[in-house]
Amino acid sequence: MPPPLPFALPAGDAAAWGALYVVEGSRLGGIMLARTVPDGLPTAYLGARHLSGEWRELLRALDRAATLVGTDRWIDQAITGARATFDLYRRAAAAR
């Protein structure tokens, strides 16, 4: 059994989709940031990469999941999951 998450994530698939969106979006952001780092400076922390088309496929899968359920409640729960993940990132940055 995996260890508990270090933050409160509402139960259910929708919240997990919201968290996944934030994590994978952050990876994509890291790729963009890595392009701006001058030569000779460390970039390993920006090293997660998407393969071509992976981000678009994630967005399609998210859209399919939302469409299958088709409720505003599902979307609200996905947004709550995304916000919880952003809050985790904010707290991690503040702890440094």
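Q: What puts E57 and R60 about one helical turn apart?
A: E57 and R60 are 3 residues apart in helix α2, so about one helical turn lies between them. Helices here are DSSP runs of H or I with at least four residues, strands are E runs of at least two, and both are numbered from the N terminus. One caution up front: this is a predicted model, where local features need pLDDT of at least 70 and side-chain atom pairs count only at pLDDT 80 or more, while totals for chains, interfaces and linings use all residues. Residues are numbered from 1 along each chain as its sequence is written, and side-chain values use heavy atoms, leaving out hydrogens and water.

Q: Why do E57 and R60 count as a salt bridge?
A: The term asks for a side-chain nitrogen of Lys or Arg within 4 Å of a carboxyl oxygen of Asp or Glu. The side chains of E57 and R60 meet at 3.1 Å, N to O. That is within the limit, so the pair qualifies. Side chains of opposite charge can pair when their charged atoms come close.

Q: What makes E57, R60 and R64 a network?
A: Salt bridges link the three residues. Besides its bridge with R60, E57 meets R64 at 3.0 Å, N to O. The structure holds 5 salt bridges.

Q: How do you know whether E57, R60 and R64 are buried, partly exposed or exposed?
A: Buried means under 20% relative accessible area, exposed means over 50%, and partly exposed is in between (1.4 Å probe, protein chains only). E57 has 34%, R60 has 42% and R64 has 44%. Each value falls in between, so E57, R60 and R64 are partly exposed.

Q: What about R90 and D87: how many residues apart are they, and how far apart are their closest N and O atoms?
A: R90 and D87 are 3 residues apart in helix α3, about one turn of the helix. Their closest N and O atoms are 2.5 Å apart, in a salt bridge. D87 comes out at 29% relative accessibility, so it is partly exposed.

Q: Why are Y21 and W55 called a tilted pair?
A: The structure holds 1 aromatic pair, and Y21 with W55 is that pair: 5.5 Å centre to centre, 40° between the planes. Rings of Phe, Tyr and Trp (its six-membered ring) pair if their centres lie within 6.5 Å; planes under 30 degrees apart are stacked, over 60 edge-to-face, the rest tilted. An angle of 40° is neither under 30 nor over 60, so tilted it is. The pair links distant parts of the chain, with Y21 in α1 (residues 13–34) and W55 in α2 (residues 54–69), 34 residues apart.

Q: Are Y21 and W55 buried or partly exposed?
A: One of each! W55 is at 19%, so it counts as buried, while Y21 is at 36% and therefore partly exposed.

Q: What makes A14, L62, A65, A66, W74 and A78 a nonpolar core?
A: Such a core is a set of buried Ala, Val, Leu, Ile, Met, Phe, Trp, Tyr and Cys residues joined through side-chain atoms within 4.5 Å. These 6 residues make up the largest one. α2 and α3 (72–94) each supply at least two of its residues, and α2 gives the most, with 3.

Q: How do you know that α3 has about its expected span?
A: The expected span is 1.5 Å times one less than the number of residues. With 23 residues, α3 reaches 33 Å from its first C-alpha to its last, close to the 33 Å expected.

Q: Why is E24 called buried, and which residues does E24 contact?
A: E24, in helix α1, has a relative accessible area of 15%, so it is buried. Contact means heavy atoms within 4.5 Å; leaving aside neighbours within four places in sequence, E24 contacts H50, W55 and L58.

Q: Why does the reach from T67 to D63 fit a polar contact?
A: A polar contact is a pair of N or O atoms within 3.5 Å; within protein, one must be able to donate a hydrogen and the other to accept it, and residues adjacent in sequence count only if both atoms are side-chain atoms. The side chain of T67 reaches the backbone oxygen of D63 at 2.7 Å, which is within 3.5 Å, so the distance fits. T67 has 62% relative accessibility and therefore counts as exposed.
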